[in-house]
Amino acid sequence: MHGFTDAEVALGRVADVEKAARARSGWYARYLWAFAAGQLVLVPIAVLWHGFASALAFGFVNTALVTGLSLYAARQRVVRRGFGVKHGVIVGIWAAVFVLAVTFGNTAFANSPAFAAAAALTCALPLATGAWLEMRRSS
Amino acid sequence: MGEESPAGQRGSHPRHALAPLLNAPVRLSVVAALASVEKAEFGFVRDLVEVTDSVLSKQVSALEEAGWVAVDKGRVGRRPRTWLSLTAEGRAVYQRHLAALRAIAAG
């Protein structure tokens with residue numbers, strides 16, 4: 001490959017293949033959107049609803065969400081670059097916010113629908129931000 | 001890797017920086033497919049590059065022998081899965097190859 005035309009063709013092909021591979025790793029954005037949506041159900045259950053039925057409902061919804069997302073992730077054929085670090089950071093931030101939301105929601109702001117709504121959105125925010133950034137990266 | 005002048009010195013033309021192993025279009029496409037991801041399943045790369053299992057297997061073996069591609073075999077449930085990824089060396093060689101191609105294309 002000595003000519004500049006050959007080089008341009010090769011570069012064009014490489015760009016197409018890289019783009020296609022990157023687009024296929026976009027599943028992680030959908031994963032995070034679903035995780036974020038789950039917070040809008042899970043957090044109000046954890047903050048507003050108390051007792052055995054609440055624990056049962058929370059356990060059921062949480063198990064369904066985690067199982068569904070895990071199965072979805074396991075079926076994927078491509079893993080984005082830096083997946084482990086990015087996922088660790090996003091889930092770490094979400095976990096810290098979730099613990100704070102549930103703690104305050106059951107103490108200082110017990111039975112407050114306004115706090116429950118704000119907490120649900122706050123818990124969804126790191127996941128939604130990650131999903132949005134991921135969509136931009138893989139498009 | 002590159003050609004040498006009669007005096008035994010490598011020329012300054014950017015083609016001397018090309019990796020001969022990546023001059024084959026299929027091998028370059030395989031490396032390009034892996035360059036933008038952490039790892040990809042064998043079947044995904046096969047479909048993306050549009051080659052048969054045996055062709056991809058042969059090209060991956062050559063790249064693995066050069067130390068540029070790593071092959072990991074595993075299972076998801078009962079399904080066997082083969083994952084391909086670029087090594088750090090493979091990524092560096094690919095970047096140098098692309099830089100040389102850009103220099104050639106720029107004339």
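From the N terminus on, the elements of chain A follow the order α-α-α-β-α-α, with five helices and one strand in total. Helices are DSSP runs of H or I of at least four residues and strands are runs of E of at least two, numbered from the N terminus. The radius of gyration of chain A, taken over C-alpha atoms, is 20 Å, well over the 14 Å of the globule rule for 139 residues, so chain A is more spread out than a compact globule; the rule is 2.2 Å times the number of residues to the power 0.38. Along its principal axes the C-alpha trace of chain A spans about 75 × 25 × 20 Å.

This is a predicted model, in which local features need pLDDT of at least 70 and side-chain atom pairs count only at pLDDT 80 or more, while totals for chains, interfaces and linings use all residues. Residues are numbered from 1 along each chain as its sequence is written, and chains are lettered from A and ligands numbered from 1 in the order in which they are written.

Helix H2 of chain A (residues 27-48) has 22 residues and should span 32 Å at 1.5 Å a residue; its end C-alpha atoms are 32 Å apart, which agrees. The expected span is 1.5 Å times one less than the number of residues. H2(A) bends by about 30° at A:Gln39, the bend being the angle between axes fitted to the seven residues ending there and the seven starting there.

UniProt (unreviewed entry) annotates residues 31-49, 55-75, 87-109 and 115-133 of chain A as "transmembrane region", and residues 26-104 of chain B as "domain: Winged helix DNA-binding". Such annotations may be inferred rather than shown by experiment; positions follow the numbering used here and feature names are shortened.

| Span | Helix | Strand | End C-alpha distance |
|---|---|---|---|
| Chain A, residues 55-75 | 95% | 0% | 30 Å |
| Chain A, residues 115-133 | 100% | 0% | 27 Å |
| Chain B, residues 26-104 | 61% | 27% | 20 Å |

The largest nonpolar core has 34 residues, and those with the most contacts inside it are B:Val30, B:Val31, B:Ala33, B:Leu34, B:Ala40 and B:Val45. Elements giving two or more residues to this core include helix H1 (4-24) and strand E1 (78-80) of chain A. A nonpolar core is a set of buried Ala, Val, Leu, Ile, Met, Phe, Trp, Tyr and Cys residues joined through C-beta atoms within 7 Å; a residue is buried if 20 or more other C-beta atoms, placed from the backbone, lie within 10 Å of its own.

Key
A residue is buried if 20 or more other C-beta atoms lie within 10 Å of its own, exposed if 12 or fewer, and partly exposed in between; C-beta atoms are placed from the backbone.
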